[in-house]
Amino acid sequence: MTARHEEKKHWAVEDIDFARIDTAHVRKDENLFYLVACASFIESGSDLYTHNLVEYYRGDDEVESWLREQWEREELQHGAALRAYVAYVWPEFDWERAYQSFLDEYSQYCKVELLEPTRAQELAARCVVETGTATYYRALARATDEPVLKQLAGLIANDEVNHYKHFYQYFRRYRTLEKIGRSRVLGTLGRRTLELKNEDADCAIRHVVKVHRPDLAADPARLKELTSQMSRTVRINLKPETTIKMIMRPLELPVMVQNMIEFPIRQFMQHVLLR
């Protein structure tokens, strides 16, 4: 099967039958609204990161082409599908106004100078990010009994795993070219794991709440409670073993060593990444 044929088979927003949604059932789930709306903002802003990465890998035709022709297109499709879901279930939410407010702030976090110091390290960092997004959508699929959202979250999760595989493949090539050791890779993985719950999610929730529930936006304690509930939803619906293996893979450790350090890494995730 050719790559062109495989590309044609990739799902499209039009494949999602939003009419199957039990709107009356799902509308009352505020936590679900915030999980989907925030994800739709971050995915819809992914072109900012794409432009930075294309600039960073300029001259590498393979990476540039994949970023432009597949990664950006699929990430923006995720945003469009999630936005369509929000619009179908919560049509009163002014998505465009909230998103533009989000984008004004979010664009400040998307700068080339904030990328890792080497191409190999940036690719290792992208592996962490794709691990986080795949974990998020897998957890979202398990957290809901609404079949359309379960389907959509599963499709996006599969895409994110595929993106991870591409970034990992490119990482291995650049690791060899740059001759970077495990200590530098570990530093990047640890740093980016700590940042998985960073400005992106915080920025998204602030701007969603500001439009959807202005009263809540003005109350820091209630806003913190909301974000904690969202985190709990992800935490209780993920499989940490898979997440750990994906994050650790760029280290390419011997199996014995990996088994020895898996427990402390799991504790690290529970106290930092999944808090």
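Is H163 buried or exposed in this structure? In the predicted model described here, H163 has a relative accessibility of 0% and therefore counts as buried, the limit for that class being under 20%. The residue belongs to helix 8, which spans residues 147-178. Leaving aside residues up to four places away in sequence, H163 is in contact with W66, W71, E74, E75, H78 and E130.

One of these partners, E75, was examined in turn. E75 is located in helix 5, formed by residues 61-89. With a relative accessibility of 6%, E75 is likewise classed as buried, because this value is under 20%. Its contacts beyond four places in sequence are E43, S46, E160 and H163. E75 and D159 are separated by 84 residues along the chain, yet their C-alpha atoms lie 8.7 Å apart.

Confidence in the prediction was considered next. The mean pLDDT of the protein chain is 89, and 90% of the residues reach a score of at least 70. Over residues 1-7, by contrast, pLDDT remains under 50, and the model contains three contacts beyond four places in sequence for this segment. Where pLDDT is low, predicted coordinates should not be read in detail.

Aromatic residues provide a further view of the interior. A total of 20 aromatic pairs is found in the structure. A pair of aromatic rings is described by the distance of the centres and the angle of the planes. In the pair formed by F33 and Y34, the centres are 5.1 Å apart and the planes meet at 65°, an edge-to-face arrangement. F33 is buried at a relative accessible area of 0%, and Y34 is buried at 2%. The rings of F41 and F102 form a tilted pair, with 5.3 Å between the centres and 40° between the planes. F41 is part of helix 3 (residues 30-44) and F102 is part of helix 6 (residues 95-106), so this pair ties together parts of the chain that are 61 residues apart in sequence. F41 and F102 are both buried. Ring pairs also join F41 and F102 with Y49, W95, Y99 and Y106 in a cluster.

Charged groups are found over aromatic rings as well. The charged end of R126 is placed over the ring of Y49, at 5.4 Å from the ring centre. R126 also lies over the face of F167, where the distance to the ring centre is 5.9 Å.

Helix 6 contributes several members of the aromatic cluster, among them W95, Y99, F102 and Y106. The helix has twelve residues, and the 15 Å between its end C-alpha atoms agrees with the 16 Å expected at 1.5 Å a residue. Its buried residues are W95, A98, Y99, F102 and Y106. Viewed down the axis of helix 6, these buried residues fall within an arc of 95°, so they line one face of the helix. R97 and D104 are exposed on the face of helix 6 turned away from the buried side.

A comparable description applies to helix 12, which comprises the 16 residues 220-235. Helix 12 extends 22 Å from its first C-alpha to its last, close to the expected 22 Å. L223, L226, M230, S231, T233 and V234 are its buried residues. These residues cover an arc of only 155° around the axis, which places them on the same side of helix 12. A221, K224 and E225 are exposed on the other side of helix 12. T227 also belongs to helix 12, and its relative accessibility of 25% makes it partly exposed. T227 and N31, which are 196 residues apart in sequence, have a C-alpha to C-alpha distance of 9.1 Å.

Backbone geometry was examined at two loop positions. Most residues other than glycine have a negative phi. K179, although not a glycine, has a positive phi near 55°. K179 occupies the loop between helix 8 and helix 9 (182-194) and is exposed, with a relative accessible area of 71%. E252 is not a glycine either, and its phi is positive at about 50°. The loop that holds E252 runs between helix 13 (240-248) and helix 14 (255-273). E252 is partly exposed, at a relative accessible area of 24%.

How values were computed: Residues numbered from 1 in each chain as written. Predicted model: local features only at pLDDT ≥ 70, side-chain atom pairs only at ≥ 80, totals over all residues. Heavy atoms only, no water. Helix = DSSP H or I, 4+ residues; strand = E, 2+ residues; numbered from the N terminus. Expected span 1.5 Å × (residues − 1). Buried < 20%, exposed > 50% of the residue type's maximum accessible area, 1.4 Å probe, protein only. Arc of directions from axis to C-beta. Phe/Tyr/Trp six-rings, centres within 6.5 Å; stacked < 30°, edge-to-face > 60°. Lys NZ or Arg CZ within 6 Å of the ring centre and 35° of its normal. Contact = heavy atoms within 4.5 Å. pLDDT = per-residue confidence, 0-100.
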